[in-house]
Amino acid sequence: ACLGLTRALSKEDIDLTFVLPKRVDLKSDHTRFVFADNGKEKVNIKFRKIDSIIQPYLTADGYIKELDKVSAKTIYGARLIDEVRRYAQEARILAMEEDFDVIHAHDWLSFLAGVEAKRVSGKPLILHFHATEFDRSGGQGANPEVYELERESIDHADQIVSVSQLTKHILVEKYYAD
């Protein structure tokens, strides 16, 4: 989804800044990725790095496995939720250094980072929901910490993008989203 958004926006000559936990090797048949430190040509997408082991679709157990792989554990949170909060504080600092018009946060791992960027900038925050904690738990009950993080983020959002009517219904019924 982010790939499609950035592709469409960059074609409109809109400058984009991606704040990623770390530099990763991205490949696509239909898009070429150029990182800010590439230096070969001007692009409308700039990448900023925050040192974190957060990655897409990371679970609490997956976070512990990733944490065990790294040697400099002291900068990372002991639990995934702690790392999400630390990442948000790092994003807050970056938001004070960057010039931008709108904030887009793509999933619960980045929602608090978006909220912190909004707090320091006053810029509008768009949250993009592909799934809620209720979806990810398979209807077996939501992790209360993740639910609260999602709910708090919704309270700060200026706009919410939902990928389906079902997700929209969950956001309205269980998160009290407007």
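**Exercise 1.** In this predicted model, determine how many bridges join strand 3 to strand 4, and in which relative direction the two strands run.

*Solution.* Strand 4 covers residues 125-129, and three bridges join strand 3 to it. The two strands run parallel. One of the residue pairings can be given by name, since a bridge links Ala-105 to its partner Leu-127 in strand 4.

**Exercise 2.** Work out the order of the strands in the sheet, and explain why strand 3 and strand 5 each have one side without a neighbour.

*Solution.* The sheet is open and consists of three strands in the order 3-4-5, with parallel pairing. Strand 3 (103-105) and strand 5 (159-162) stand at the edges and have a single partner strand each, so one side of each remains without a neighbour in the sheet. From one strand to the next, the twist averages 20 degrees.

**Exercise 3.** Identify which strands helix 4 touches, and which strands helix 7 lies across.

*Solution.* Helix 4 (residues 108-121) packs on the sheet and touches strand 3 and strand 4, its direction making about 165 degrees with that of strand 3. Helix 7 (residues 165-175) lies across strand 4 and strand 5, and runs at about 140 degrees to strand 5.

**Exercise 4.** Classify the packing of helix 6 against helix 7 by angle, and describe the residues in the contact.

*Solution.* Helix 6 (residues 144-156) packs with helix 7 at an angle of about 95 degrees, the axes being 11 Å apart. Angles of 65 to 115 degrees count as roughly perpendicular, and the two helices are therefore roughly perpendicular to each other. Helix 6 contributes Tyr-147, Glu-150, Arg-151 and Ile-154 to the contact, while helix 7 contributes Leu-171, Lys-174 and Tyr-175. By class, this contact has four nonpolar, no polar and three charged residues.

Note on methods. Residues are numbered from 1 along each chain as its sequence is written. This is a predicted model: local features need pLDDT of at least 70, side-chain atom pairs count only at pLDDT 80 or more; totals for chains, interfaces and linings use all residues. Side-chain values use heavy atoms; hydrogens and water are left out. Two strands pair if DSSP finds at least two bridges between them. Helices (H or I, at least four residues) and strands (E, at least two) are DSSP runs, numbered from the N terminus. Axes are lines fitted to C-alpha atoms, for helices over the stretch in contact, and angles run from 0 to 180 degrees between N-to-C directions. Contact means heavy atoms within 4.5 Å. Angles under 35 degrees count as roughly parallel, over 145 as roughly antiparallel, 65 to 115 as roughly perpendicular and the rest as oblique. Ala, Val, Leu, Ile, Met, Phe, Trp, Tyr, Cys and Pro count as nonpolar, Asp, Glu, Lys and Arg as charged, and the others, Gly among them, as polar.
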